[in-house]
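Q: Could you take me on a close look at the place where the ligand sits, and then at the salt bridges? I am new to this, so please explain the terms as you go.

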Amino acid sequence: MCGIVGYIGNQNAAPILIEGLARLEYRGYDSAGIAVLGARGAQVCRKVGRVRDLEASLPKRLAGKVGIGHTRWATHGPATEDNAHPQTSEDGRISVVHNGIIDNAASLRGRLDAKGVKFTSETDTEVIAHLVARSEASTLEGAVLDVLSRITGTYAIAVLDERHPDRIVVARNGSPLILGVGDHEMFIASDLAALVRHTTSVVHLDDGELATVTASGFRTFSQEQENTEKVPTDVDIDLEDVGLGGYRHYMRKEIIEQPSTIERMLRGRLDERFGSARLDGLNLGPRELRWFRRVKILGCGSAYYASEVGAAMIEELARIPAAAEPASEFRYRNPIIEPDTLYVAVSQSGETADTAFAVQEVKRKGGQIVGLVNVVGSTIARECDGGIYLHAGPEVAVASTKALTHMTIGFAMLALHLGRVRDLSIADGQRIIAGLRDIPGQIQQIITDEPHIAEVADGLAGAPSLFFVGRVRAFPVAREGAQKFKEISYRHAEAYPTSELKHGPLALICESLPTVAILPDDELTDRNLAAIQQIVARQGPLVVVTHPGVSIGDLDVPCITVPKNERELDPILMTIPLQLLAYHAALALGHDIDKPRNLAKSVTVE
Ligand code: BG6
């Protein structure tokens with residue numbers, strides 16, 4: 001996934017583009033570039049590396065009040081200056097920035113090659129610049145429409161033309177694109193983070209929609225050239241939400257702010273009297289909710305692991321079969337979509353292509369799908385039939401923390417809601433509500449233990465690979481723990497059900513392979529203890545994450561204690577110390593915690 005920005009107005013464009021790109025850098029950060037239209041035409045500046053490297057390389061004089069910019073997560077061609085965006089036409093007249101993948105780029109390139117067009121990059125995007133420049137249409141809009149009718153794939157694009165310096169033409173199909181409405185100026189961005197410093201009045205473009213953006217405003221229209229009359233909406237987000245707020249890293253900020261963001265998420269959604277949750281956004285009444293025979297949950301990365309926690313909660317509280325599946329796999333196995341299955345799509349960004357396509361697959365086959373999504377107005381949120389917004393606020397660090405916690409709390413509320421329209425008693429509902437109300441304070445308790453957790457992390461940071469183990473409710477927690485370690489400490493970390501160790505993985509246990517064992521105080525504690533003693537017996541270093549009062553006997557190993565909640569909700573809390581463990585291990589290793597190598601905040605390409 002990449003980040004694109006644009007500006008047209010009465011201010012100098014370059015600093016606005018650079019600041020916008022810096023705020024979108026978590027979307028891709030291997031190279032960046034801008035194009036600014038000035039008196040002498042378009043000036044294009046591109047640089048491998050971070051936005052700050054691009055900024056440092058800009059010529060002193062880069063005047064112009066119209067411009068576009070891009071920060072890249074390479075899909076076609078390595079991170080080189082030639083492959084960075086903007087991509088331009090041979091004569092430099094047309095500049096294009098693009099987020100997405102043009103599926104038929106190779107064949108279009110072949111045809112242009114045959115016509116003698118000289119390509120300077122390996123990107124799929126460059127074909128767009130050449131095709132726009134070679135279009136016979138008399139207007140820029142016409143030229144872009146002409147090209148869109150010839151390309152297939154996903155895109156959010158912004159196009160500049162030296163012949164039409166009074167406008168930027170943008171188009172969207174599958175990748176997010178937002179317009180920001182200012183006072184005699186307009187802003188363009190892949191997401192809100194790049195806009196909020198300037199305006200909170202925004203327009204989300206839909207798939208198949210284009211817009212002409214000028215200093216005085218915008219016109220949105222379809223590929224059939226019908227006006228789509230989009231009206232700006234105000235978004236509830238401010239600069240503080242997207243700023244570091246004095247923290248060294250967004251990841252630590254997002255871990256530490258969980259108690260307050262969770263309180264905000266729970267506000268007005270828990271109904272003590274009926275022992276249930278108010279989830280009006282689902283657009284499903286009790287009769288419809290009762291009708292579902294099973295629940296299928298779809299997500300990618302950490303959202304998939306949260307989905308596994310959610311499936312267990314739904315089975316425990318609503319007593320209906322529930323299962324989670326990676327959305328990226330679901331779509332291509334020609335799934336059997338059943339009318340009495342409730343499908344749930346889970347995503348922080350609401351833009352992950354694999355999950356968005358899975359939503360479309362369910363809908364194409366007539367299934368009912370709701371979303372658990374953090375970003376308001378995002379693609380997945382708008383495509384689902386209803387949903388639960390996570391209200392975690394912007395999550396900037398690539399490794400998801402607070403959004404994951406909000407997902408598991410969203411599932412607890414969904415399970416409660418589904419349970420209370422079935423056989424879950426008011427008393428049990430109230431028990432879960434009391435547990436949910438305790439979570440913010442209990443997370444605060446875990447956070448006060450950070451210095452100890454950091455110490456334990458230092459001991460793990462040097463290990464080339466690690467195991468994370470847990471059973472039943474705790475297994476998805478172990479999987480998320482391993483995910484966090486992989487993402488930011490670049491250590492090979494694998495998760496196993498503790499009971500599975502003796503059936504194979506135990507062969508790997510030795511002094512250089514530590515294991516983090518999730519050991520809740522529940523019906524399996526004794527069996528878990530027996531299993532982890534087999535690790536110690538084979539000189540495997542061990543870290544235990546457990547509850548107060550659980551005795552680990554004579555095991556002299558680092559122990560992290562997490563406050564006890566209701567057994568169904570304990571996985572929510574047991575994930576928090578794993579977030580801090582990964583953070584502090586990566587800190588000890590001096591890694592770029594917010595922007596780990598090879599990853600992006602959400603991947604809007606397949
Ligand atoms: C990956 C991110 O790109 O996408 C992960 O690096 C994330 O952190 C996954 O869990 C899914 O993203 P989303 O936005 O759909 O929850």
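A: Happily! Let's begin with a term: a residue is near a molecule if one of its heavy atoms lies within 4 Å of that molecule. Please keep in mind that this is a predicted model, where local features need pLDDT of at least 70 and side-chain atom pairs count only at pLDDT 80 or more, while totals for chains, interfaces and linings use all residues. Residues are numbered from 1 along each chain as its sequence is written, and side-chain values use heavy atoms, leaving out hydrogens and water.

Around the ligand there are 16 residues, and the closest are S347, Q348, S349, T352 and A600. Next come polar contacts, which are pairs of N or O atoms within 3.5 Å. A polar backbone atom of S302 is 3.0 Å from an oxygen atom of the ligand. V398 also has a polar backbone atom 3.0 Å from a ligand oxygen. With E487, a polar side-chain atom lies 3.3 Å from an oxygen atom of the ligand. Taken alone, the ligand exposes 390 Å², and the protein buries 92% of that; these areas come from the Shrake-Rupley method with a 1.4 Å probe.

Now for the salt bridges. The term means a side-chain nitrogen of Lys or Arg within 4 Å of a carboxyl oxygen of Asp or Glu. By this rule, the count is 36 salt bridges. In one of them, E257 pairs with K402, with the closest N and O atoms 2.6 Å apart. This pair links distant parts of the chain, 145 residues apart: E257 is in the loop between α7 (250-256) and α8 (258-266), and K402 is in helix α14 (residues 402-420). Helices here are DSSP runs (H or I, at least four residues) and strands are runs of E (at least two), numbered from the N terminus.

How covered are these two side-chain partners? Buried means under 20% relative accessible area, exposed over 50%, and partly exposed in between (1.4 Å probe, protein chains only). E257 is buried at 17%, and K402 is buried at 1%.

Another salt bridge joins R431 and E568, at 2.8 Å from N to O. Here R431 belongs to helix α15 (residues 426-448) and E568 to the loop between β26 and α19, 137 residues apart. R431 is partly exposed, with a relative accessible area of 22%, whereas E568 is buried at 3%. Both R431 and E568 belong to a network of salt bridges, whose members include D428, R473 and D522.

Technical notes. A polar contact is a pair of N or O atoms within 3.5 Å; within protein, one must be able to donate a hydrogen and the other to accept it, and residues adjacent in sequence count only if both atoms are side-chain atoms.
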